[in-house]
Amino acid sequence: FIMAKQVEQLEKEKKELQERLKNQEKKIDYFERAKRLEEIPLIKTAYEEQRVHDMELWEQQEEERITTLQLEREKALEHKNRLSRMLEDRDLFEARLKASRRTIYEDKLKQFQERLAEERRNRLEERKKQRKEERRITYYREKEEEEQRLREEQLLK
């Protein structure tokens, strides 16, 4: 009987413990839910503040970028205007330089063509001499062969 009472008592304590744990879990859930409900508006306001701050920062950086681009453009126009005054001098210098280089090129081309013509004449003359010598050699060889043939014919007769 005592053991049954003890078992019953243990089960009763176990149920109470589970019920207390369940209640504690409900309290924690309620507390967390309440905490989130309180945090949501704070998070939204913090997000809005951050978004506004980021937008202001972006606008400031965009204005700085635009002003720097405008300054660079103005400087570029100043350089262009300053350098445009030298345009005629540059063209004159280029024309002189091209003319001097063209005369140098034409002189060298003329010298090359003269050397080429001279070399062609020399080679042509050399070939003429060589062909003349070959014809002379073949003439004498044929003449000697003809004499040899005639001598052999006379010997045979």
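How many salt bridges does a search of the whole structure find? The search finds eleven, a salt bridge being a side-chain nitrogen of Lys or Arg within 4 Å of a carboxyl oxygen of Asp or Glu. Several of them are stops on this tour.

**Before you start**

The model is predicted, so local features need pLDDT of at least 70 and side-chain atom pairs count only at pLDDT 80 or more, while totals for chains, interfaces and linings use all residues. Residues are numbered from 1 along each chain as its sequence is written, and side-chain values use heavy atoms, with hydrogens and water left out.

**Stop 1: the whole chain**

Select everything and show it as a cartoon. The protein has two helices and zero strands; helices (H or I, at least four residues) and strands (E, at least two) are DSSP runs, numbered from the N terminus. Along the principal axes, the C-alpha atoms fill a box of roughly 170 × 75 × 15 Å. The radius of gyration is 58 Å, where a compact globule of 157 residues would have one near 15 Å. This radius is taken over C-alpha atoms, and the globule rule is 2.2 Å times the number of residues to the power 0.38.

Now switch on the surface. About 16,500 Å² is exposed, and carbon and sulfur atoms supply 54% of it; the area comes from the Shrake-Rupley method with a 1.4 Å probe. Buried residues make up 0% of the 157 residues. Here buried means under 20% relative accessible area, exposed over 50%, and partly exposed in between (1.4 Å probe, protein chains only).

**Stop 2: the annotated regions**

Select residues 3-34 and then 59-149, which an unreviewed UniProt entry annotates as "coiled-coil region". Such annotations may be inferred rather than shown by experiment. Residues 3-34 are 100% helix and 0% strand, with the end C-alpha atoms 46 Å apart. Residues 59-149 are 98% helix and 0% strand, and there the end C-alpha atoms are 117 Å apart.

**Stop 3: a pair in helix α1**

Select Arg-51 and Glu-48. Their side chains meet in a salt bridge, 3.1 Å from N to O. Both residues lie in helix α1 (residues 2-84), three residues apart, which is about one turn of the helix. Arg-51 is partly exposed at 42% relative accessible area, and Glu-48 is also partly exposed, at 36%.

Side chains of opposite charge can pair when their charged atoms come close.

**Stop 4: helix α2**

Move to Gln-111, which is found in helix α2 (residues 87-156). Gln-111 is partly exposed, with a relative accessible area of 48%. Draw a distance from its C-alpha to that of Glu-64: the two residues are 47 apart in sequence and 64 Å apart in space.

Next, select Glu-119 and Arg-123. These two form a salt bridge of 3.3 Å, N to O, and sit four residues apart in helix α2, about one turn. Is Arg-123 buried or exposed? Arg-123 is exposed, at 55% relative accessible area, whereas Glu-119 is partly exposed at 39%.

Further along, select Glu-133 and Arg-136. The closest N and O atoms of this salt bridge are 2.4 Å apart. Glu-133 and Arg-136 are three residues apart in helix α2, so about one helical turn separates them. Glu-133 is partly exposed at 34%, and Arg-136 is partly exposed at 40%.

**Stop 5: a network**

Last, select Arg-90, Asp-91 and Glu-94. A network of salt bridges links these three residues.
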